[in-house]
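Thanks for coming, everyone. I would like to walk you through one structure this morning, going from single residues out to the larger contacts.

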Amino acid sequence: MESLVAAQERPDRSRPPLPGPPAALDLPTIQKQSLPNGLAVWVVERHEVPVVQLSLLVRAGAGQDLAGKAGAASLTAAMLDEGAGARSALEIADAAEFLGAALTTASSFDASAVRLNVPVQRLAEGLPLLADVALRPTFPEKELERLRQERLTLLLQVRDDAASVAGMVFSRLVYGPGHRYGTGTIGTETSLKTLTAADLRAFHAAYFQPSNATLLVVGDISASGVMPVLRSAFADWRGRSARGPTPLAAPRPPDQAEIVIVDKPDAEQSQIRIGSVGVPRSTPDYFPLLVLNTILGGAFTSRLNQNLREEHGYAYGASSGFDMRLGPGPFYAAAGVQTDKTADALREFFKELNGIRQPVGVEELAKARNYIALAFPGEFETTTDLSRRLEELIVYRLPDDYFERYIANVMAVTAAQVQRAAETYIQPSRFIVVIVGDRKTIEPGVRALELAPVRALSIDEALQP
Amino acid sequence: MRVRWALLFVAMCSLTASGQTAQPPKLDVPYQLFTLSNGLTVILHRDASVPVATINVWYHVGSANERPGRTGLAHLFEHLMFEGSAHVAEGDFDTLLEAAGGTSNGSTDNDRTNYLIDVPANALELALFLESDRMAYLLDTMTPERVDGQRDVVKNERRQSYENEPYGMASLEIDRMLWPEGHPYSRPTIGSMEDLTAASHDDIVAFFKTYYAPNNATLAIAGDIDLAKTRALVEQWFAEVPRGAVVQPIAPPPAVLADVKRKTITDQVRLPRLYLGWLTPRGYAPGDAALDAASSILAGGKNSRLYNRLVYETQIAQDVTAYQQGAALGGSFLIVATARPGHTAAELQQAIDEELDRLRREPPTPRELQRVLNQIEASFYRSLERVGGFGGKANQMNAYYFAGAAPDFFAEDLARYMALTPSDVQAAVRRWLPPDRRVELIVEPETQG
């Protein structure tokens, strides 16, 4: 047998085997349809398992929350399946679960979504549920109070978690309490207490309109088979003119570095966040930034993880990221480091943040480009993977051939582009640093670094309205 | 970590949802199984839906194999498997993979250690080279400095996941309470700080020589692969790895809870949390599937007994979860609930006990059980979509084989659930979740000074 012949040869371990030519990216076609009410429908066939995922995407999220009403978009989404059409919250949950379906509602800064993942033979039974939840929510007072208390309790609980506290304080300091990105999508204790069912109804009425939504259907269906059932499920959805998304005010990034220590007495680790305002998803520098971040803190062998974890052992892991939204979301570098190495870790963070502004080497650049580009076809493996990637096209209005050109765009990134992007967006002399840890142990060392002015706060002070 | 894969997904179909008799899809996962002359068992499965391949190795050693005084050694060892071997310089393991578009990971639990490499299909041979090199030649370049480096990383993993994680220490405490002293499951997989400090280069060398032999491992490869070529490549890269001694099975002391064990600990948290724990059947043993279904009837979704009563109706709890963990040497069942502000763990316990008692007295309704089974069935079909990662087919095929079943046990595994009746669930709750033989752990907020 062929295999036995091969076994006689000793493998050559003197150099690693070279990969063969990569497979071409083979994306399924997006079949664009529309319903009589103007709702755009994207159908993508995927016949591997007998499942279909429907995502009704609405182009409005927490970024559209009105002043003083932070959390309205998120609570609206959460309330959609708490009563809809003639069904109660418990009836909706029971019906979805009995179908073996997953019915979820969600909201980000940029969009809201109702998603139904259902066995294809139960699609006809699942669709009316999806339509009720997305189009006919009833916002019952009793359920609203329940979710309000749940969210207020959650805001209390996050104070236990150093990583959550660090993230919240970081956003607050980078954007200021007046900008929507300064507060998490669920809002604050103060704003949550003021939200009414009328606020949620208003949000729903303004944005859940056919002209402001897209229905994405991915799975074991055909366009010709699924369109009639979609037409009947959404026949009653009469559009009004949707309120167009109002662009957020441009944030004013801090122009001076500051270090804020949030005291968590006796903590064995310090949670560190460093960064500032980053870029919107529409940035022309998307691909250089993707490569830059992969080199800096977006992969296991990235500089931050190699330094803080592999070289020094200060942390279990270190990373960085650009959170790109319709408006400029934050850039951050992050790690949890052992308490007695907090100042050392901070020094190394700044070494890498300054270092990335220097030209990157040829091999490092090639590794990062390959890491993104060669892994890209694998990101479309499951029905859910494929749906999530396609949602990105819808929410950010990216061109239809965006993914076809993605790999070429990654491979075209040059060292000069990476350096220019780093000089523009990684400016450590203006970065905000948040450290949640044991103040009495870490403060002297952090001050001795003389990186920036240092302030110390309690958790309650740091998170007060 | 113990991934109970039935809890990973929610979706899909049922025969009885509305009286239709749609033919359910088959859970076919065709495979080839063969063993090399050095004892390495190999499982191959082709799924060409996207051009990726995964290689997934299970070594049949976990923290249960550790000796007292060396807790955490199996997991520390796992970290060292990524640090290089005779023909792979330190740092090159992941550098080579990333340059080819690949990623790696690993995990350690009580019973086994797994390693996975996900690559574009064209880089399969690179992955086989890396995997075989550390299986054959890890010790050639192992140094005390490498051990020290990962010791610091693992200590920080422990700080991040336990000491500095809200309620993190409770999960270690509950194992100490559930399992008798001397039982391997009573010891933490992450290890104590003291034992991590004590772990030596010699310990690592001895651990490799004892457990990291091809005859104590299985290699599953799945994805867009050519079966014949892959078999030839496996033989080419792994045939030279020397066979090791046979590993002796663990002989744990009997684990029985004779009465109620109670304990209260404090943590830097704002809300009290209650843990109730029982000793239950090991994975795939009679009772395991019924308890898994019971966990969903108790705490899966808004209509589940405990969620509905504690979180939805009375709102005395912020959250409640329940799960059956069927490990190799035994199982455990946990119910965990967090009190809302102004409520106590005692209130939660009383309500939970009333609901458990109701389930002991009368079986769940047919619809309650069917709702759960429909979701479990759905999760099985959806799990066939991914080949790699911890939730992919290759890992599950290794898991089935490790449990003594065929790698394509998917359909039989699902059948364990679909055969359940309401009275099976009731019987399992009566038999395995008694009120007078269990562990009760309460985490109270530290008094803020």
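Let me begin in chain B, with Y284(B), which sits in the loop between β8 (273-280) and α9 (288-299) of that chain. Please keep in mind throughout that what you see is a predicted model. Most residues other than glycine have a negative phi. Y284(B), however, has a positive phi, near 70 degrees, although this residue is not a glycine. Is Y284(B) buried or exposed? The answer falls between the two, because Y284(B) has 18 other C-beta atoms within 10 Å and therefore counts as partly exposed.

Chain A offers a residue of this kind as well, namely F139(A), whose phi is positive and near 45 degrees, again in a residue other than glycine. F139(A) is found in the loop between α4 (123-135) and α5 (141-157) of chain A. Here the neighbour count is 20 C-beta atoms inside 10 Å, and a residue is buried if 20 or more lie within that distance, so F139(A) counts as buried.

Let me turn now to helix packing in chain B, where the axes of helix α1 (residues 73-80) and helix α4 (residues 144-163) come within 9 Å and cross at roughly 115 degrees. The crossing of α1(B) past α4(B) is right-handed. On the α1(B) side the contact is made by H75(B), L76(B), H79(B) and L80(B), while α4(B) brings R146(B), V147(B), Q150(B), R151(B), V153(B) and V154(B). Taken by class, the residues of this contact are 5 nonpolar, 3 polar and 2 charged.

The helix α4(B) comes up again when we look between the chains, where 68 residues of chain B are in contact with 71 residues of chain A. Which element gives the most to the side of chain B that touches chain A? That element is α4(B), with 8 residues. By class, that side of chain B has 30 nonpolar, 19 polar and 19 charged residues.

Finally, within chain A, the domain assignment gives domain 1 (31-233) and domain 2 (258-463), and the C-alpha centres of these two domains of chain A lie 29 Å apart. Their contact takes 29 residues from domain 1 and 30 residues from domain 2 of chain A. On the domain 1 side, β2 (40-45), β3 (51-58), α6 (162-175) and β8 (213-219) of chain A each supply at least two residues, and α6(A) gives the most, with 11 residues. The residues on that side of domain 1 of chain A divide into 18 nonpolar, 7 polar and 4 charged.

How values were computed: Residues are numbered from 1 along each chain as its sequence is written. Chains are lettered from A and ligands numbered from 1 in the order in which they are written. This is a predicted model: local features need pLDDT of at least 70, side-chain atom pairs count only at pLDDT 80 or more; totals for chains, interfaces and linings use all residues. Helices (H or I, at least four residues) and strands (E, at least two) are DSSP runs, numbered from the N terminus. A residue is buried if 20 or more other C-beta atoms lie within 10 Å of its own, exposed if 12 or fewer, and partly exposed in between; C-beta atoms are placed from the backbone. Axes are lines fitted to C-alpha atoms, for helices over the stretch in contact, and angles run from 0 to 180 degrees between N-to-C directions. A crossing is left-handed if the near helix is turned anticlockwise from the far one by less than a right angle, and right-handed if clockwise. Two residues are in contact if their C-beta atoms, placed from the backbone, lie within 7 Å. Ala, Val, Leu, Ile, Met, Phe, Trp, Tyr, Cys and Pro count as nonpolar, Asp, Glu, Lys and Arg as charged, and the others, Gly among them, as polar. Domain bounds come from an automatic or database domain assignment.
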